[in-house]
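Me: I'd like a close look at one helix in this model, and then at how the rest of the fold is put together around the chain. Could you walk me through it?
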Amino acid sequence: MEPSSVDEPQLAFHPSIKRFHEVFNAQSRLLFITAARGTERHLFAQSWFADHPGEILDLSAPNFDLQRELSQVEERMDADPAARFAVLIGPTESAWLLSSRFDCVVARQCDLLMTYDELQETLGSTAEDTTKIFEQTGGWSSASLSMRNNPEDTTNAYHIIRTGLARWLAVHPQAEAIRQAGFLPIMDEPCVEEFYNQLGNLSFGFAELQDLGFVQAGPSRGWIMPHLVRRALVEQQRDIDPVVAQELELLGLRTVANTHSVQRAVDNASQRRNWKALDHVLVERWIDLFITNPRGLRKYLSQVPEFVMNRTSYMWVAVRIVAAIGTDRMVLPFPSIVPNYESDRAAQRMRELTTSLYRRPSPRALTAGLLEISYLRLAGLYSESADAAERLRSVAQAVSSVRRVNPKLLSAVELHCGISLELEGRDVQAKWAYTAAYQAAQVGNTAFQIADATGRLALLCAKQKDPTAADHWLALHDEVIAEVAWGREMVGRGATLARGCLALQDLDPVELDRVMGNLPKDPDSDEFWASHVLFLAFQAALSGQVQEHGLLLRRLADERVYALSDLSAEHLEQARQVLALTGHWEESEPAEDYHAAEFRALAALRAGRFDRALSLLEAAKTKPLSQRYAGLHLYLEMATRHQHGPSDQQIEELKRLYATQNRLVDLAMLSTIPGWEAVPELMELDSESMDRIRLLQQAFPAPKTLPKLTERENELLALLREGLTRKQIAATTYRSENTIKTQLRGLYRKLDVADGVDALDRARELGL
């Protein structure tokens with residue numbers, strides 16, 4: 001036998017010989033053995049001889065002239081019909097050629113490795129210990145016996161296997177392919193074949209590894225490569241070329257991700273604490289985990305050591321984002337400090353990183369770019385995020401034009417570019433991005449992403465007042481949303497808001513209530529929260545719950561003061577103006593004149609301030625299409641030109657406009673302007689439309705007639721604004737204090753107030 005340890009127990013026969021005899025002809029007098037040292041080749045040969053005399057010839061060394069030696073063996077067998085020979089040969093010899101020349105049997109390495117059952121019978125160990133030993137050695141006889149007394153101690157066993165493989169692979173014609181297999185974490189036929197296909201080796205695969213004994217049936221089920229064998233192969237490859245070893249490690253994980261799942265690949269890298277490999281797999285395939293196991297993604301990132309985090313500018317951003325993964329949705333925090341791009345070090349580092357990566361576009365560049373635009377939105381830097389999204393889209397197109405990109409990653413990139421662009425009012429680019437996200441999601445065949453993209457497209461089309469397109473995307477959304485598990489409410493939010501938008505345009509309170517019932521009572525952290533607020537404002541106006549919603553709106557505006565994208569600021573101001581139109585909430589003046597310009601123009605027309613209405617309507621033309629009320633804009637322009645109500649000609653024009661616009665809410669708001677109340681009847685609308693319009697007319701009652709102040713009363717009001725007392729006003733105007741008292745009393749009566757403080761408040765409410 002081949003000694004491997006002074007303490008190793010000796011065996012009377014090789015444990016695998018019985019299995020070998022069951023398969024091969026026991027009458028043959030010539031046995032060739034091609035196996036590595038440590039597999040008990042000599043014992044196997046002696047066991048094959050059984051009770052017959054025989055001779056073992058070791059011709060496995062490369063310096064032998066095998067053909068000459070075998071010719072001599074053949075002569076001796078011819079001379080002595082009872083002679084039996086067992087010849088140990090190296091891996092360079094072809095078993096097929098030998099079998100064609102000699103009447104022989106060939107024992108390969110897999111024939112000499114013990115099965116699990118053979119190992120348990122040989123060792124007499126418990127099932128648990130046998131499993132441990134088998135998973136480490138794969139049935140290598142000498143190595144297994146060395147672990148008999150202590151299954152936890154692999155030192156001597158590894159020495160045996162490493163030494164045996166080193167000598168065997170030194171002359172093996174497929175040594176490179178065998179060493180490469182050590183980097184593949186999972187051993188089954190699809191995985192092995194894909195691995196070697198990626199390496200461009202079409203002549204070596206699962207069958208060859210199995211024949212050589214490097215892939216074996218596991219103790220319970222499936223196939224394994226023994227741990228110590230894998231360790232020896234990997235160690236050899238790292239000694240030969242450490243750079244190639246790193247590439248093989250990544251290829252092995254990518255192969256597992258492609259043939260099994262990203263989660264299994266990440267599990268393997270995480271268990272081995274191979275942070276570089278984990279980084280590569282997550283950068284390329286994180287989206288698969290986010291879709292299928294988002295909390296698992298959060299767990300994996302939480303295990304990455306701090307020193308690894310510090311190596312990159314984006315890893316900690318990823319950790320911050322995935323930390324927001326909840327039970328069924330992302331719960332992202334709103335920015336809590338004043339956004340400042342120039343002083344935001346993280347934003348600057350991300351820009352430097354993406355600028356560098358974009359020079360050589362790759363999946364890593366796409367992931368970094370996606371993290372950049374996401375971070376900028378989290379920091380309240382919406383304009384900068386939209387700029388970054390335009391750069392990222394260019395890179396995504398460049399990458400996908402020259403190499404195959406994971407369609408799920410591409411869909412995520414395009415979708416979030418669309419969000420960044422839409423939030424800043426760049427509607428055309430946003431729609432392009434959402435459409436690209438949908439197309440990539442179709443290629444990836446992922447219900448999660450298809451539902452998300454179609455919902456976003458439906459909402460954008462609904463806001464652009466294109467109900468036909470919105471209905472198309474909603475139909476596609478409905479086909480897949482039931483297939484979504486985690487995140488169903490999150491990726492369904494766009495479609496829900498789109499339905500709310502359509503219900504509002506149709507002025508359908510029943511449908512609006514139904515849609516709102518599918519949304520949280522208080523707007524959550526969804527980035528389109530302000531659209532939710534706007535729908536709530538209309539719902540509150542129609543139901544008469546203005547004060548309650550007004551307080552909610554005021555609280556949200558205070559809490560989310562740094563979370564105001566261009567779209568959010570517009571919808572928040574629209575919500576304020578809706579409440580103000582009811583007459584039960586104070587009016588406000590937004591920071592930008594174009595915000596809610598159509599609603600404020602409506603309020604101005606209702607108050608008889610036609611010049612102000614024209615100014616606001618002009619400002620509204622600068623807004624993105626998704627933020628405009630185009631139909632209302634046309635109606636209000638008509639009302640400013642015809643201040644005393646519509647003529648028959650205007651009614652016909654309104655019918656034409658309504659036939660093309662077909663949005664009842666715009667017509668209903670026009671009918672709340674004094675002199676235009678009868679428009680719905682004059683247009684001969686159906687009874688259901690008339691009933692809906694009356695609901696809005698009741699919600700937006702006619703404004704109180706402005707009191708007509710005399711020149712002196714306007715003068716008094718101006719002096720009150722300056723903070724003058726009655727005595728000071730008398731001195732300033734050279735009138736007696738009693739006269740001033742009488743004139744103030746008349747002013748208070750017209751304003752329906754009791755004192756100067758209330759007079760100023762009332763004048764401000766009335767726009768005087």
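Which residues of helix α33 (residues 610-620) are buried?

Reply: A word on ground rules before the helix. You're looking at a predicted model, with local features needing pLDDT of at least 70, side-chain atom pairs counting only at pLDDT 80 or more, and totals for chains, interfaces and linings using all residues. Numbering starts from 1 along each chain as its sequence is written, and side-chain values use heavy atoms, leaving out hydrogens and water.

Now α33. Its buried residues are Phe610, Ala613, Leu616, Leu617, Ala619 and Ala620. Buried is under 20% relative accessible area, exposed is over 50%, and partly exposed is in between (1.4 Å probe, protein chains only). Helices here are DSSP runs of H or I with at least four residues, strands are runs of E with at least two, and both are numbered from the N terminus. The cover over the buried residues of α33 includes α32 (597-606) and α34 (630-641); contact is heavy atoms within 4.5 Å.

Follow the chain out of α33 and you get to Gln627, in the loop between α33 and α34. At a relative accessible area of 0%, Gln627 is buried. Leaving aside residues up to four places away in sequence, Gln627 touches Gly425, Asp566, Leu567, Glu570 and Gln574.

Another buried loop residue is Ser362, between α20 (345-357) and α21 (363-378). Ser362 counts as buried because its relative accessibility is 15%. With the neighbours up to four places away left out, Ser362 touches Val399 and Arg403.

Next, the nonpolar packing. A nonpolar core is a set of buried Ala, Val, Leu, Ile, Met, Phe, Trp, Tyr and Cys residues joined through side-chain atoms within 4.5 Å. The largest one has 216 residues, and Leu165, Phe214, Phe290, Leu366, Leu654 and Met669 have the most contacts inside it. Helix α25 (residues 447-463) supplies the largest share of this core, 11 residues. Apart from this core lies another, of 16 residues, with Leu30, Met77, Ala83 and Leu98 among them. Back to Leu165: not counting residues up to four places away in sequence, Leu165 touches Trp140, Ala170, Phe214, Val229, Ala232, Leu233 and Gln236.

Phe290 turns up again in a helix pair. Helix α16 (residues 275-292) packs on helix α17 (residues 294-303) at about 160°, with the axes 9 Å apart. That angle is why α16 is roughly antiparallel to α17. Axes are lines fitted to C-alpha atoms, over the stretch in contact for helices, and angles run from 0 to 180 degrees between N-to-C directions. Under 35 degrees is roughly parallel, over 145 roughly antiparallel, 65 to 115 roughly perpendicular, and the rest oblique. On the α16 side, the contact is made by Trp275, Leu278, Leu282, Trp286, Leu289, Phe290 and Thr292, and on the α17 side by Pro294, Leu297, Tyr300, Leu301 and Gln303. Sorted by class, the contact of α16 with α17 has 10 nonpolar, 2 polar and no charged residues. Nonpolar covers Ala, Val, Leu, Ile, Met, Phe, Trp, Tyr, Cys and Pro, charged covers Asp, Glu, Lys and Arg, and the others, Gly among them, are polar.

Further along the chain there's a second pair to compare. Helix α39 (residues 711-721) and helix α40 (residues 726-733) pack at about 125°, with their axes 11 Å apart. That angle makes α39 oblique to α40. The pair meets through Glu715, Leu716, Leu719 and Leu720 in α39 and Ile729, Thr732 and Thr733 in α40. By class, the contact of α39 with α40 comes to 4 nonpolar, 2 polar and 1 charged residues.

Leu720 leads on to Tyr748, which touches Leu720, Val753, Ala754, Asp755, Gly756 and Ala759, again not counting residues up to four places away in sequence. Tyr748 sits in helix α41 (residues 737-751) and, at 15% relative accessibility, counts as buried. The C-alpha atoms of Tyr748 and Ala759 are 6.4 Å apart, with their positions 11 residues apart along the chain.

Last, some backbone oddities. Most residues other than glycine have a negative phi. Tyr734, in the loop between α40 and α41, has a positive phi of about 60° without being a glycine. Tyr734 is exposed, at 76% relative accessibility. Ala50 has a positive phi too, near 55°, and lies in the loop between α2 (41-49) and β2 (55-59). At 54% relative accessibility, Ala50 counts as exposed.
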